[in-house]
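Before reading this report, please look over the sequence and the model that follow, and keep both in view as the description proceeds from the whole chain to single pairs of side chains.

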Amino acid sequence: FGIAAAPIVDPSDATGGGNTVTVVTAVAALALIRVAGPLIPIVGVDDLTASVKAAPIPGLNGGKTNVSFVVYNAGNQRLSATLKIRQYDARSRLMYTYPEVALPSLLPGSRLPLSYEWGDAPVLRGRVTVEVTTDAGATVTRNTTFWAVPWGFLIALLVIIIVAIVLIRRRRARSQQGDVPQSLPTPEPV
């Protein structure tokens with residue numbers, strides 16, 4: 001049993017056998033073929049982004065972290081890989097570890113877009129690390145830093161501060177009006 005490469009053909013759109021099309025029903029089987037030569041396992045991670053929906057009140061659970069990226073095979077061999085995702089807070093303390101994921105086989109030149117979400121967001125700033133390790137021993141690690149600003153909480157806090165300042169100024173203005181002595185009538189000469 002042998003497989004030979006097809007001869008080089010000029011690119012064109014054509015139908016076989018004139019203007020008729022023949023429909024053939026068949027069964028397909030995946031054939032993985034390895035050409036003799038050195039194997040170079042190269043895996044990469046591109047387009048790593050992290051976004052956060054911050055918790056309504058900082059420090060309380062309720063925020064969500066979303067991370068998206070593309071894993072690609074830049075080598076010349078089929079790769080099986082595992083994925084590890086970790087999230088750190090602003091002080092580089094480990095906050096969350098996503099369960100290890102076995103990726104589908106990556107053929108040479110293939111790209112696999114991935115996105116994961118979990119319900120544990122840092123306060124103000126965080127970092128996500130993505131690590132892909134192949135069975136062939138190739139490993140790549142990528143990091144991205146992101147901000148997790150609780151805008152709803154900050155706006156509510158700002159409104160409370162403004163209202164407090166307005167109320168304090170009104171109270172001071174009223175107390176100062178009460179302290180002003182009323183003018184006494186001038187006495188008439190006798």
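Accessible areas in this report come from the Shrake-Rupley method with a 1.4 Å probe. By this method the protein, which is a predicted model, exposes about 14300 Å², and carbon and sulfur atoms supply 59% of that area. Of the 190 residues in the protein, 24% are buried, where buried means that the relative accessible area is under 20%.

**Overall arrangement**

The protein contains seven strands and one helix, and when the elements are read along the sequence they follow the pattern β-β-β-β-β-β-β-α. If one takes the contacts in the protein with a separation of 6 or more, residues that lie 24 or more positions apart account for 67% of them.

**Salt bridges**

How many salt bridges does the structure hold? There are four salt bridges in the structure, and the table lists three pairs, including their N to O distances.

| Pair | Closest N to O distance |
|---|---|
| Arg111 and Asp46 | 3.7 Å |
| Arg86 and Glu131 | 3.5 Å |
| Arg93 and Asp89 | 2.8 Å |

In the pair formed by the side chains of Arg111 and Asp46, the N to O distance is 3.7 Å. This pair links distant parts of the chain, since Arg111 lies in strand E5 (residues 111-118) and Asp46 in strand E1 (residues 43-53), 65 residues apart. Arg111 counts as partly exposed because its relative accessibility is 46%, and Asp46, with a relative accessibility of 30%, is therefore also placed among the partly exposed residues.

The side chains of Arg86 and Glu131 also meet in a salt bridge, at 3.5 Å from N to O. Here too distant parts of the chain are linked, with Arg86 in strand E3 (residues 79-89) and Glu131 in strand E6 (residues 124-134), 45 residues apart. Are these two residues, Arg86 and Glu131, buried or exposed? Both Arg86 and Glu131 are buried.

A further salt bridge joins Arg93 to Asp89, with the closest N and O atoms 2.8 Å apart. Arg93 counts as partly exposed because its relative accessibility is 46%, whereas Asp89 is buried because its relative accessible area is 13%. Some salt bridges in the structure share partners, and in this way Asp46, Asp47 and Arg111 are joined into one network.

Definitions and conventions. Residues numbered from 1 in each chain as written. Predicted model: local features only at pLDDT ≥ 70, side-chain atom pairs only at ≥ 80, totals over all residues. Heavy atoms only, no water. Helix = DSSP H or I, 4+ residues; strand = E, 2+ residues; numbered from the N terminus. Buried < 20%, exposed > 50% of the residue type's maximum accessible area, 1.4 Å probe, protein only. Contact = heavy atoms within 4.5 Å.
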